[in-house]
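Visitor: Hi, could you walk me through this one with me? I'll just ask as I go.

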Amino acid sequence: METTEILDEYARNLLIELARNARASYADLGRRVGLSPSAVAERMRRMEEDGIIQGYSVDIARETLGLQILAVIRMTCDGTHYHPFLKFVKTLSEVRVCHHVTGGDAFFLEVATASIEELEQLIERLLPYGIPTTSLVFSSPVTRRAYDLARLGSPKQNGRRQSRPR
């Protein structure tokens, strides 16, 4: 199903309001987008089932948890180590994000540790799987930027008037 079929004007407006405040009640969201609270709940349920809304989370400052060091590790990994590495990296609590990438490196990891010593220990644990190249993060000018919801565009009209939402 095309995104424009799933995301009519009401659904797009609901996503925009959720991006502003994911903790808003169904009643509050309904007032903002012109739906009843039960219609909002049903649309959110369907968007969750369809994988459009993938979850709700709390963003906790890592420093509050004693994780003072943020680093990026580029990891090379040959074919024999690929699957063992995938299994291993999923067990590492220090790994916040792991991307499989193109180019000379196979993986791009964002890791957080309490100290340089912990980072060094983590790097040593990665060595059996390939060659890690580590960079410390000084600052993050852009962090967790929200998606530009204007990219959703407007639904296809096909010469028909939009029907009232279910």
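Visitor: Where does V58 lie?
Guide: V58 is in the loop between α4 (37–49) and β1 (69–76); helices (H or I, at least four residues) and strands (E, at least two) are DSSP runs, numbered from the N terminus. This is a predicted model, where local features need pLDDT of at least 70, side-chain atom pairs count only at pLDDT 80 or more, and totals for chains, interfaces and linings use all residues. Residues are numbered from 1 along each chain as its sequence is written, and side-chain values use heavy atoms, with hydrogens and water left out.

Visitor: Is V58 buried or exposed?
Guide: V58 is exposed, at 70% relative accessibility. Buried means under 20% relative accessible area, exposed over 50%, and partly exposed in between (1.4 Å probe, protein chains only).

Visitor: Which residues make the nonpolar surface patch?
Guide: V58, I60 and L65 make it, with about 330 Å². Patch residues have over 30% relative accessible area (Shrake-Rupley method, 1.4 Å probe) and no salt bridge, with nonpolar side chains (Val, Leu, Ile, Met, Phe, Trp, Tyr) joined within 5 Å and like charges within 9 Å. A salt bridge is a side-chain nitrogen of Lys or Arg within 4 Å of a carboxyl oxygen of Asp or Glu.

Visitor: Switching topic: how many disulfides?
Guide: Zero, counting pairs of cysteine sulfur atoms within 2.5 Å.

Visitor: Why is C77 without a bond?
Guide: Because the closest cysteine sulfur, in C98, is 9.6 Å from that of C77, too far for a bond.

Visitor: And are those two buried or exposed?
Guide: C77 is buried, with a relative accessible area of 15%, while C98 is partly exposed at 32%.
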